[in-house]
Amino acid sequence: MATTLKDAVVRKPVLATIRLIVPAGAARPAPPVGPALGFYRLNLMAFCKDFNARTQKYKAETPMQVTLTAYKDSTFEFVVKSPSVSWFLKKAAGIETASGRPGHTVVSSLSLRHVYEIAKLKQSDPYCKHMSLEALCKSIIGTANSMGIEIVKDL
């Protein structure tokens, strides 16, 4: 029996969408990964090996955002996003936490060059590909302001 085009395009039934934050190159079957994937009877070792291979270019302990789609036939696909803008801003500013009173207390200053570099890194994200560099920079400046980080032309 020949398969038709319609049969080939039929989507697999989705069981769940799981969002995790996992350190780069450090996925192990221990929590938080193990319980989250084990609940849906997914292959933990396959996920760990694939994730670690995809994130080996990042520095160890960099928090990576993962969106995993689990299907009813126990297979899965996942997308790895770069770390959050707030993480990049904290690293660039050399601070541990953001301001408790943003708008009143400035905890650090960054130059526009830092913002531009973060925008270039975020542009490689699958969800940011359609955004212009200017739009990403404006978004990053807004995030910095809400964290109590001042953006200046030159440091």
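Q: Contact means heavy atoms within 4.5 Å; with that in mind, which residues is R54 in contact with, leaving aside its neighbours within four places in sequence?
A: This is a predicted model, and in it R54 is in contact with F78, V79 and V80 once those sequence neighbours are set aside. R54 itself sits in helix α3, residues 44-54.

Q: What makes the approach of the R54 side chain to the backbone oxygen of F78 a polar contact?
A: The side chain of R54 comes to 2.9 Å from that oxygen. A polar contact needs a pair of N or O atoms within 3.5 Å, one able to donate a hydrogen and the other to accept it, so this distance falls inside the limit.

Q: Why is R54 called partly exposed?
A: The relative accessible area of R54 is 41%. Buried means under 20% and exposed means over 50%, so R54 belongs to the class in between.

Q: Why is T62 called buried?
A: T62 has a relative accessible area of 5%, and buried means under 20%, so T62 qualifies. You will find T62 in the loop between α3 and β2. Not counting residues up to four places away in sequence, T62 touches V22, P23, A24, P83 and W87. A polar atom of its side chain also lies 2.6 Å from the backbone oxygen of K59.

Q: What makes the phi of R41 worth a second look?
A: Phi of R41 is near 55 degrees, a positive value in a residue other than glycine. Most residues other than glycine have a negative phi. R41 is in the loop between α2 (33-38) and α3.

Q: Is R41 buried or exposed, and how do you know?
A: R41 has a relative accessible area of 69%, and the cut-off for exposed is over 50%, so R41 is exposed.

Q: Where does S74 lie, and what is its phi?
A: S74 is in the loop between β2 (63-71) and β3 (76-81). Its phi is near 65 degrees, again positive in a residue other than glycine. At 37% relative accessibility, S74 is between the 20% and 50% limits and therefore counts as partly exposed.

Q: How do you know on which side or sides of helix α4 the buried residues V85, F88, L89 and A93 lie?
A: These are the buried residues of α4, residues 85-93. They cover an arc of only 125 degrees around the axis, which means that they are on the same side of the helix. They pack against β4 (108-111), α5, α6 and β5 (149-152). After α4 comes G94, whose phi is positive, near 75 degrees.

Q: What describes the packing of α4 and α5?
A: Their axes are 11 Å apart, at an angle of about 145 degrees, and the crossing is right-handed. V85, F88, L89 and A92 of α4 meet H114, I118, L121 and K122 of α5. Those contact residues divide into six nonpolar, one polar and one charged.

Q: How do the residues of the contact of α5 with α6 divide into nonpolar, polar and charged?
A: Helix α5 (residues 112-122) and helix α6 (residues 133-146) pack at about 120 degrees, with axes 9 Å apart. From α5 come L112, V115, Y116, I118, A119, K120 and K122, and from α6 come L133, L136, C137, I140 and I141. The division is 10 nonpolar, no polar and two charged. Lys counts as charged, so K120 and K122 fall in that class.

Key. Residues numbered from 1 in each chain as written. Predicted model: local features only at pLDDT ≥ 70, side-chain atom pairs only at ≥ 80, totals over all residues. Heavy atoms only, no water. Axes fitted to C-alpha atoms, helices over the stretch in contact; angles between N-to-C directions. Helix = DSSP H or I, 4+ residues; strand = E, 2+ residues; numbered from the N terminus. Contact = heavy atoms within 4.5 Å. Buried < 20%, exposed > 50% of the residue type's maximum accessible area, 1.4 Å probe, protein only. Arc of directions from axis to C-beta. Left-handed = near helix turned anticlockwise from the far one by under 90°.
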